[in-house]
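Here are my notes for anyone opening this one for the first time. I'd start with a pair of helices, then move to the charged pairs and a couple of backbone oddities.

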Number of protein chains: 2
Amino acid sequence: MNEEIAAAVVDAGPLAIICGGGSLPFAVADAVIARRRQVVLFAIEGWADSRRIFAYRHHWIVLGRFGWFCRVARAEGCRDVVFIGALMRPAIRQVRLDLNTLRLLPRIVRLFRGGDDYLLSGIASIFEEQGFRLLGAHEVAPEILMPEGTLGREHPSRRDVADIEKGLMLLNATGPFDIGQAAVVADGRVIAVEAAEGTDQMLSRVAQLRRTRQVEQARGRGVLIKAAKRNQDRRLDLPSIGPQTIASAKCAGLAGIAVTAGSTIVADVGSVGAAADREKLFVIGVREPD
Amino acid sequence: MNEEIAAAVVDAGPLAIICGGGSLPFAVADAVIARRRQVVLFAIEGWADSRRIFAYRHHWIVLGRFGWFCRVARAEGCRDVVFIGALMRPAIRQVRLDLNTLRLLPRIVRLFRGGDDYLLSGIASIFEEQGFRLLGAHEVAPEILMPEGTLGREHPSRRDVADIEKGLMLLNATGPFDIGQAAVVADGRVIAVEAAEGTDQMLSRVAQLRRTRQVEQARGRGVLIKAAKRNQDRRLDLPSIGPQTIASAKCAGLAGIAVTAGSTIVADVGSVGAAADREKLFVIGVREPD
């Protein structure tokens, strides 16, 4: 189905890619270009990687200038929009607003007060009211999705598999509460649950809990489990992993990482697999529980 | 029912109280003495408050010397044992072991690797095999339990009540996974979920997330919700709050604290209420959801 969507959009004009931080936006752009569709990158100031953006047709944009984005994207002939890359929830006071955005401000403030799901579905509808079609990065570039099975050489032990199952069940239970999409389980014990802090900060906490011996499990035990939330608007916020996730999981003393196959983004499968081999961690794509 | 148990144990000889840190052990001892039962305090070295222990009949004990504890407690005529007070999971290597404990060591190591429920029910059965009866502090001193309604002058707003309900539902969903007993919810958004780090560290994280603006909710919004786990062995690990919890909640910028009435320990209702009034936080005991 993803392949069909990818094929269908080839004739829909250039794709606008709104770029947050990290290498994901460029992986998506390259995949779309390889499918012979033009792209226009809208690089968010302060977030997008300025060293890499110049290789592509691009405009710099400032958070909060939604009216300006709409005008330029229309002038470029873009109707489809993809939003991709790291973007910490911005401090509203730091955002410079244009008139169009000012009109939307009360709504945006309300959105930011809710959980992620609420924020993201609200943003999608704002784009759509302006005549844009918001697509998921995985719809225009399905090759960025994690496949089933392991990347790299390491495999989970039987104990790791039990931890993965427990983590998936936990994330399934917390899904309706619109919290984080990750947890750490070691030897059957839930060590950490992600909420507003994000995966990297949760993994730093696990490293700290090991140092203070609030967690007794030996290094090399424990799994980071990440799962897409059910009913989540997958156009905007699929969980993702990259080389940084491998490094953080290593610091936290884990055995490996398990993510839901087909609903987790891996920017560069090759480099993630190589990093995992170097650190002797497993990285596995698993099926979402029914 | 708690009153009946408290009455029934009056003739059962002196009560052994194994004392961790904080003021709770002394609140329990005073309540038991007021019911005209003798107490013998077993103060854990490195944890029990050495300034206050001398007012009571007591012995110092070292973690890991379980055989020694059994002999002394029997010589004191104690059959009933209560364990109360703060005790961070000890680093197993720091514990000095006696022979009796060495025999139990493989079992204890396994216990420490599991979640809290697993650890605690295992400890209870070890005491019972030695002929002791492990009681909950709330069974010998029901006055330490949080009542329904507010302590102090502040009350939750309608928005706070909605946050409390969401937090209770979340803790109900995570209960089967044997994780922490607390979460922070602000304006309907789950900000933090406690696992191995404990309530105070979770509240520090919330304060940090506010500083970095990863959480946008204004100060004075948000509630700490604590609930006893279902099916938890309540003899050993009821959630508790004290003046420190009020201080941490204030630092985290919360509006107040909600705990399950009848299953949360408050060492000194008067001083917690006074601290809450000083910081303008509400503290409320709520019914556990059905």
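1. Start with two helices in chain B, keeping in mind that this is a predicted model. Helix α10 (residues 243-251) of chain B and helix α11 (residues 269-279) of chain B have axes that come within 9 Å and cross at roughly 20°. Angles under 35 degrees count as roughly parallel, so α10(B) is roughly parallel to α11(B). As for handedness, α10(B) passes α11(B) in a right-handed crossing.

2. Which residues make that contact? On the α10(B) side, look for B:Pro243, B:Ile246 and B:Lys250. From α11(B) come B:Ser271, B:Val272, B:Ala275, B:Ala276 and B:Glu279. Sorted by class, the contact has 5 nonpolar, 1 polar and 2 charged residues.

3. Just past that helix, have a look at B:Lys280, in the loop between α11 and β13 of chain B. Most residues other than glycine have a negative phi. B:Lys280 isn't a glycine, yet its phi is positive, at about 55°. Is B:Lys280 buried or exposed? With a relative accessible area of 59%, B:Lys280 is exposed, because the cut-off for that word is over 50%.

4. B:Asp187 is another one to check for its backbone. Its phi is near 50°, again a positive value in a residue other than glycine. You'll find B:Asp187 in the loop between β7 and β8 of chain B. Its relative accessible area is 16%, and buried means under 20%, so B:Asp187 counts as buried.

5. B:Asp187 also has a charged partner. Side chains of opposite charge can pair when their charged atoms come close. Here B:Arg159 forms a salt bridge with B:Asp187, and the closest N and O atoms are 3.5 Å apart. This pair links distant parts of the chain: B:Arg159 sits in helix α8 (residues 158-174) of chain B, while B:Asp187 is in the loop between β7 (182-186) and β8 (189-193), 28 residues apart. B:Arg159 is partly exposed at 37% relative accessibility, whereas B:Asp187, at 16%, is buried.

6. Now for the wider count: how many salt bridges does the structure hold? Over all chains, there are 24. One of them pairs B:Glu143 with B:Arg35, with the closest N and O atoms 3.1 Å apart. The two residues are 108 residues apart and belong to distant parts of the chain. B:Glu143 lies in the loop between α7 (137-140) and β6 (149-151) of chain B, and B:Arg35 in the loop between α2 (24-34) and β2 (39-44) of chain B. Both ends are partly exposed: B:Glu143 has a relative accessible area of 43%, and B:Arg35 has one of 23%.

7. The loop between α7 and β6 of chain B also holds B:Glu148. That residue forms a salt bridge with B:Arg287, the closest N and O atoms being 2.9 Å apart. B:Arg287 is in the segment after β13 (282-286) of chain B, and the partners are 139 residues apart, so to speak at distant parts of the chain. B:Arg287 is exposed, with a relative accessible area of 62%.

Terms used:
Residues numbered from 1 in each chain as written. Chains lettered and ligands numbered in written order. Predicted model: local features only at pLDDT ≥ 70, side-chain atom pairs only at ≥ 80, totals over all residues. Heavy atoms only, no water. Salt bridge = Lys/Arg side-chain N within 4 Å of Asp/Glu carboxyl O. Helix = DSSP H or I, 4+ residues; strand = E, 2+ residues; numbered from the N terminus. Buried < 20%, exposed > 50% of the residue type's maximum accessible area, 1.4 Å probe, protein only. Axes fitted to C-alpha atoms, helices over the stretch in contact; angles between N-to-C directions. Parallel < 35°, antiparallel > 145°, perpendicular 65-115°, else oblique. Left-handed = near helix turned anticlockwise from the far one by under 90°. Contact = heavy atoms within 4.5 Å. Nonpolar A, V, L, I, M, F, W, Y, C, P; charged D, E, K, R; others polar.
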